[in-house]
Amino acid sequence: MGIRLPMIYAKQILHRVLSTTVAADVPKGHFAVYVGEAKKRRFVVPISYLKHPSFQNLLSQAEEEFGFDHPMGSLTIPCREEAFVNITCSLNCC
């Protein structure tokens, strides 16, 4: 069960993501996130993921841990890479 984010909150996240993502290597309609606990790995994911409750849960975790001013300057999700891959693979199936 996921938590639905208000549209305004989702727009703030999207604005933050797009303003920190290097556009040269990210296709249109996608954004970059860093995932991992100790070592961070960069993933490029579709913007459509922002509407899925399971991805919104990951964003809530990121906000709780880092707020919106993370030292890496990009959206960082504090979970294991395996968990992130499992969640994003399930989003691709829908």
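Modeller: Let's start with a word: a residue is buried if its relative accessible area is under 20%. This is a predicted model, and of the 94 residues of its chain, 36% count as buried.

Biologist: Good, let me try that out. Why does Cys79 count as buried?

Modeller: Cys79 has a relative accessibility of 9%, and the cut-off is under 20%, so Cys79 counts as buried.

Biologist: And Cys89, what makes that one partly exposed?

Modeller: Its value is 42%, and partly exposed runs between 20% and 50%, so Cys89 goes in that middle class. As for disulfides, the structure holds 0 of them.

Biologist: Back to Cys79, then. Where does Cys79 lie, and which residues is it in contact with, leaving aside its neighbours within four places in sequence?

Modeller: You'll find Cys79 in the loop between S3 and H3. With those neighbours set aside, its contacts are Val35, Gly36, Glu37, Leu58 and Phe84. Take Gly36: it is 43 residues away from Cys79 along the chain, yet their C-alpha atoms are separated by 5.3 Å.

Biologist: What do the elements look like, going from the N terminus on?

Modeller: They run α-β-β-α-β-α, which gives 3 helices and 3 strands. The strands form an open sheet in the order S2-S1-S3, with mixed pairing.

Biologist: What makes S2 and S3 the edge strands?

Modeller: Strand S2 (41-46) and strand S3 (76-77) each pair on one side only.

Biologist: How do you know that S1 and S2 pair?

Modeller: Count the bridges. Two strands pair if there are at least two bridges between them, and strand S1 (residues 30-35) shares 6 with S2, so the two do pair, in the antiparallel sense. Across that pairing, Tyr34 has Arg42 as its bridge partner, while Val35 has Arg41. The two strands make a hairpin with 5 residues between them. Gly36 sits in that turn, with a positive phi of about 140°.

Biologist: Now the rings. How many aromatic pairs does the structure hold?

Modeller: There are 4.

Biologist: Why is the pair of Phe31 and Phe55 called edge-to-face?

Modeller: Their ring centres are 6.1 Å apart, within the 6.5 Å limit, so the rings pair. Their planes stand at 75°, and over 60 degrees counts as edge-to-face, so that's the name they get. Phe31 lies in strand S1 and Phe55 in helix H2, so the pair ties together parts that are 24 residues apart in sequence. Both of these residues are buried.

Biologist: Then what makes the pair of Phe43 and Phe84 tilted?

Modeller: Here the angle between the planes is 50°, which is neither under 30 degrees (stacked) nor over 60 (edge-to-face), so tilted is what remains. The centres lie 4.9 Å apart. This pair also links distant parts of the chain: Phe43 is in strand S2 and Phe84 in helix H3 (residues 81-93), 41 residues apart. Phe43 and Phe84 are buried as well.

Biologist: Which residues form the aromatic cluster?

Modeller: Phe31, Phe43, Tyr49, Phe55 and Phe84 form one cluster.

Biologist: Let's look at H2 itself. How do you know that its reach is close to the one expected?

Modeller: Helix H2 (residues 53-66) has 14 residues, and at 1.5 Å a residue the expected span is 20 Å. From first C-alpha to last, H2 reaches 20 Å, close to that figure. Its buried residues are Phe55, Gln56, Leu58, Leu59, Ser60 and Ala62. Gly67 follows the helix, and its phi is positive, near 70°.

Biologist: And what about Thr88 in helix H3: why is Thr88 called buried?

Modeller: Its relative accessible area is 10%, under the 20% mark, so Thr88 is buried. Thr88 and Ser54 are 34 residues apart in sequence, with 8.8 Å between their C-alpha atoms.

Biologist: How many of the chain's contacts join residues at least 24 apart?

Modeller: Among contacts between residues at least 6 apart in sequence, 53% do.

Biologist: One last thing, the outside. What does the accessible surface of the chain come to?

Modeller: About 5,900 Å², and 57% of that belongs to carbon and sulfur atoms.

Technical notes. Residues numbered from 1 in each chain as written. Predicted model: local features only at pLDDT ≥ 70, side-chain atom pairs only at ≥ 80, totals over all residues. Heavy atoms only, no water. Helix = DSSP H or I, 4+ residues; strand = E, 2+ residues; numbered from the N terminus. Buried < 20%, exposed > 50% of the residue type's maximum accessible area, 1.4 Å probe, protein only. Contact = heavy atoms within 4.5 Å. Areas by Shrake-Rupley, 256 points an atom, 1.4 Å probe, with all protein chains shown as cover. Expected span 1.5 Å × (residues − 1). Phe/Tyr/Trp six-rings, centres within 6.5 Å; stacked < 30°, edge-to-face > 60°. Disulfide = S-S within 2.5 Å.
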